[in-house]
Amino acid sequence: ELIHFQGNSETGTEDPLCPVLSPKLSGPDFSIHKWIGEKGSEVLKKPEQFAADLNIKSGGVWHPEECQAQYESVIIVPYRNRYEQLEIFLQYIHPFLQRQQLHYRIVVVEQMDDRPFNRGRLLNIGFKEALNLGSPNICFIFHDVDLLPQNDYNIYACTHQPRHMYSSVDIFRYHLPYRSLAGGSFSILVNHFEEINGFSNSFDGWGGEDDDFSFRLHRKGLEFCRFDPQVANYVMLPHKKEVPSPDRFGKLASKKEEDPSKDGLSTLEYKLLKIEYKPLYTHLFVR
Ligand code: NGS
């Protein structure tokens with residue numbers, strides 16, 4: 001069951017609440033493959049033009065005009081060096097979220113140093129900084145830049161349980177590789193994320209931080225759910241296979257023995273170099 005908010009302050013109290021399920025939703029999008037590969041760039045517009053056409057506010061913020069949104073979400077995207085994918089992701093996801101009549105913001109957290117990419121740490125930073133941007137009761141959605149949801153009924157709002165947003169992905173022949181997988185796209189309430197002390201900051205390089213996250217939820221009794229595979233289906237944008245971090249299994253094993261309070265939101269260190277409010281997203285540059 002999705003958690004509804006009784007409207008939000010920005011839209012005023014006169015407007016009626018939006019329906020629980022937007023009338024603008026449509027079923028699975030099989031034309032999604034037009035976004036993939038070389039062709040992707042042909043369907044892209046200039047960001048400024050795209051934002052103006054869709055009435056997106058600076059920083060990648062939007063809410064419906066015709067009614068008060070019942071859902072408010074922040075999409076946090078960990079990022080470095082994949083600009084082609086980011087452009088496609090943004091121009092795909094904005095209309096998707098708008099059809100769902102959400103109040104949302106898209107935050108891209110870019111790692112500005114040459115150290116191994118640390119997805120968990122970037123997501124922790126995105127969480128902390130987005131809370132400062134002033135929405136206390138929002139739903140958090142941690143989202144990789146290479147995943148496109150195919151079905152509008154996969155509502156980008158929080159359920160009472162944390163939720164792994166995908167049940168099937170094209171590159172896995174629309175199956176799930178393993179049951180405890182929590183990677184790629186995940187929604188969670190602020191209090192649940194704080195309860196598990198966020199992600200570990202220790203997973204430098206590719207792999208394992210999501211499995212550790214899955215275990216953090218499990219040890220607190222916060223089992224997560226998924227929607228039906230017919231609804232929670234995704235397409236993954238093609239890219240070179242990342243080189244997995246060689247010590248990810250060892251780290252995973254040692255983290256299982258450690259108290260999560262020793263590594264996570266509570267021990268997060270970083271430098272916020274700047275924030276830019278771009279037409280389609282809020283851009284955090286971090287080190
Ligand atoms: C596991 C990784 C996860 C990763 C998942 C799916 O093996 O971090 O594959 O990856 N765990 C470890 O390496 C310990 S995917 O096929 O989507 O690239 O999320």
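## Exercises on strand 8 and the ligand shell

In strand 8, Ser 187 is the bridge partner of Arg 163. Keep that pair in mind as you work through this predicted model.

**Exercise 1. Which strands pair with strand 8, and in what sense?**

Solution. Start from the pair above: Arg 163 is matched with Ser 187 of strand 8. Now widen the view to strand 6, residues 163-164, which pairs with strand 8 in the antiparallel sense over two bridges. Next, look at strand 4, residues 139-143: five bridges join it to strand 8, and these two also run antiparallel. For a landmark on that side, find Phe 142, which stands opposite Phe 186 in strand 8.

**Exercise 2. Is strand 8 largely enclosed or open, and why?**

Solution. Strand 8 covers residues 185-189. To call a residue buried, you need 20 or more other C-beta atoms within 10 Å of its own. Four of the five residues in strand 8 are buried, so the strand is largely enclosed by the rest of the structure. For the chain, buried residues make up 40% of the 287 residues.

**Exercise 3. Work out what surrounds the ligand, and which helix gives the largest share of the shell.**

Solution. First, list the residues around the ligand: Pro 177, Gly 183, Gly 207, Gly 208, Asp 210, Asp 211, Pro 244, Arg 248, Phe 249 and Leu 252. Then sort them by element: helix 5 (209-219) and helix 6 (248-257) are the ones giving two or more residues to the shell. Helix 6 takes the largest share, with three residues. Finally, sort by class, and you get four nonpolar, three polar and three charged residues.

**Exercise 4. What does the UniProt annotation say about residues 163-240, and how much helix and strand is there?**

Solution. The unreviewed UniProt entry annotates this stretch as "domain: Galactosyltransferase C-terminal". Over residues 163-240 the chain is 22% helix and 17% strand. Check the two ends as well: their C-alpha atoms are 27 Å apart.

**Exercise 5. How does the radius of gyration of the chain fit with a compact globule?**

Solution. For 287 residues, a compact globule would come out near 19 Å; the chain has 18 Å, so the two agree. Along its principal axes, the C-alpha trace spans about 50 × 45 × 40 Å. Six helices and eleven strands make up the element count of the chain. Last step, the contacts: among those between residues at least 6 apart in sequence, 85% join residues at least 24 apart.

Methods. Residues numbered from 1 in each chain as written. Predicted model: local features only at pLDDT ≥ 70, side-chain atom pairs only at ≥ 80, totals over all residues. UniProt positions renumbered as here; feature names shortened; annotations may be inferred. Buried ≥ 20, exposed ≤ 12 C-beta atoms within 10 Å, placed from the backbone. Pairing = 2+ DSSP bridges. Near = placed C-beta within 6 Å. Nonpolar A, V, L, I, M, F, W, Y, C, P; charged D, E, K, R; others polar. Rg over C-alpha atoms; globule rule 2.2 N^0.38 Å. Contact = placed C-beta atoms within 7 Å.
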